[in-house]
Amino acid sequence: MRRLARPRGKGAHPGSIPKDLRDWISLLEREGELVRVSAEVDPDLEITEIVDRVVKSGGPALLFERPKGSNHPLLINQFGTERRMCLALGVDSLDDVAKRLSNILEMQPPHGLLEKVRGLQTLKSIADSRAKTVRRGPVHEVVLQGDDVDLSLLPVQRCWPDDPAPFITLPAVITHDPRDGTRNVGMYRMQLIDRRTTFMHWQIHKDGRADWLATDGRIPVAVALGLDPVTAYSASAPLPKHIDELMMAGFLRGEPVELVKGVTVDLEVPAHAEIVLEGYIDKDELGEEGPFGDHTGYYTAAEPFPVFHVTAMTMRRDAIYPSIVVGKPPQEDAWLGKATERIFLPAVRATVPEIVDYDLPVAGAFHNCCIVSIRKAYPGHARKVMHAVWGLGMLALTKAVIVVDAHVDVHDYEQVTFYCGANVDPGRDVVLSEGPADHLDHSTTRQFVSGKLGIDATAKGPDEGAREWPPEIEMSAEVRELVARRWEEYGIGAAAAAPATAFGHSSAELLRRRGTPASGRL
Ligand SMILES: Cc1cc2nc3c(=O)[nH]c(=O)nc-3n(C[C@H](O)[C@H](O)[C@H](O)COP(=O)(O)O)c2cc1C
Ligand SMILES: [Mn+2]
């Protein structure tokens, strides 16, 4: 697999991760990863068509300096490639982030002084991750309240032709659980209703919605727009409900997220955000939200969702508005999803240690398919892992789980296809089950529940009803070495000199060459 060039300069180390959106834009510019568009461009559909082309060709982040009808520049495609996602997280490969997390999850009682000191440093890095409150922040440079609130000042995109209105697409929505006060941050799209109200599209499985459902009457809500890239990413991360996404952001950044008190709500908001919308949502005020051209590749139908009333709009001077377009994959959110796939691997393995690796294909819109490799130890093991996946956090929404043996590269779809064919007797190795479905899945007979498909593509033993399992073909090491030694003598040329693997040109590699993300293996 292709290795990434090591991100140079700022951003290469966790300590120097961008502190806010402006810092991030400078880093992108220094790295040749950003193009400024000075022509006037319409946030109504036109930006989508431009970005769709740029994303699908692996192109740069775009700063639209003159979005039609607004004085605020619009940043988009900041996460649109593997390299930018790595730059955002200050790593060479997304697996490096996972390594830092697995050090914590796999902590053992220390032996000796050196290990104790290391253990304390690790614990300190967790303790220092909590968000911290500061007195003042640039997000309060401009404060609009009451009648002065005007969402139409922002260049909010209408993304696709059948969208009924503009949608805020990259928000970090902050709520507290009214029962225990724990904070949640989630990324939920917001359809504009008028100058001071929007819908809040928190779906049925989401933490923000659970906070709202737990209130008697009214829940305070703050929405941060234009954050440092790690905090923005963290809002999309599927953490267990009781874990504060800002703590995860602090851990990944290597320094805490700074917060200031809201102006009109009893919530703290990111001090360095470009824009914050403060307000409230009532328990019983719903309206028809949507349709919306979504990451499923289809318009999701209009449905009742709650209404968000904005009581204050605070901004930095010359605030920059962040946006993202979702649609038929691959889109910019592919790399947010791949980051989650890699970052959560240690947590998945902490629960199901026989899992070696997993891959959520971008074309499967993440919840449609999960390929998982396991160290198989006993009959029925692949089935056990399928059910584990269907019981693990948001992976519960996965429609199809494919299980392969440990030596199979789950990111190489051609290899996976080979074992799905070669090792599977559909009469014996296919599992049909049922469970919760993604809120947006239009294919299910009933909304929110669906069938589940499991394919056991591991090698089977007699205890699993198989006849004698033949050995896989492989050339002997001696002959490989002999051919390597004599290669020049044959006069065939360099093209085929590398030892052949059965799947040298995987579909993942081919997609990659077309500039589209196909694999989390970096
Ligand atoms: C660009 C983007 C848009 C998203 N839009 C929504 C949305 O409108 N509604 C929703 O419930 N989840 C949406 N998600 C997924 C959630 O952000 C994700 O499930 C997250 O874990 C939610 O936070 P929570 O687990 O604290 O609820 C979106 C994700 C991304 C990357
Ligand atoms: Mn959460």
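Mentor: Helices and strands here are DSSP runs numbered from the N terminus, with at least four residues for a helix (H or I) and at least two for a strand (E). The model we are looking at is predicted.

Trainee: With that in hand, in which loop does Pro330 lie?

Mentor: Start with the bond that leads into this residue: the peptide bond from Pro329 to Pro330 is cis, with omega near 0°. Most peptide bonds are trans. As for its place, Pro330 lies in the loop between β18 (321–322) and α9 (333–343).

Trainee: Which residue does a cis peptide bond join to Gly290?

Mentor: Look at the loop between β14 (275–289) and β15 (292–293), where Pro291 is found. The bond in question has an omega of about -5°, and it joins Gly290 to Pro291.

Trainee: What is the phi of Asn77?

Mentor: First find Asn77 in the loop between β3 (74–76) and α3 (82–89). Most residues other than glycine have a negative phi. Asn77 is not a glycine, yet its phi is positive, at about 65°.

Trainee: Let's turn to a helix. On which residue is the kink in α14 centred?

Mentor: Helix α14 covers residues 477–490, and its 19 Å from first C-alpha to last is close to the 20 Å expected. Just after α14 comes Gly491, with a positive phi near 70°. The kink within α14 is about 40°, and its centre is Ala484.

Trainee: Now the ligand. How much of the area that ligand 1 exposes when taken alone does the protein bury?

Mentor: The shell is made of 19 residues, with Met187, Tyr188, Arg189, His201 and Asp207 the closest. A backbone N or O atom of Met187 lies 2.8 Å from an oxygen atom of ligand 1, and a polar side-chain atom of Glu245 is 3.0 Å from an oxygen atom of the ligand. Taken alone, ligand 1 exposes 630 Å², and the share of this that the protein buries is 86%.

Trainee: Which strand gives the largest share of the shell around ligand 1?

Mentor: By type, the shell residues divide into 9 nonpolar, 6 polar and 4 charged. The largest share, 3 residues, comes from a strand made of residues 183–186, namely β8.

Trainee: Finally, what is the radius of gyration of the protein chain?

Mentor: The chain has 15 helices and 23 strands. For its 522 residues the globule rule gives 24 Å, and the chain comes close to that, so it is as compact as a globular protein of that length. Its C-alpha trace spans about 80 × 60 × 50 Å along the principal axes. The radius of gyration itself is 24 Å.

Methods
Residues numbered from 1 in each chain as written. Chains lettered and ligands numbered in written order. Heavy atoms only, no water. Near = heavy atom within 4 Å. Polar contact = N/O pair within 3.5 Å; in protein donor to acceptor, adjacent residues only side chain to side chain. Areas by Shrake-Rupley, 256 points an atom, 1.4 Å probe, with all protein chains shown as cover. Nonpolar A, V, L, I, M, F, W, Y, C, P; charged D, E, K, R; others polar. Expected span 1.5 Å × (residues − 1). Bend = angle between axes of the 7 residues up to and from the residue. Rg over C-alpha atoms; globule rule 2.2 N^0.38 Å.
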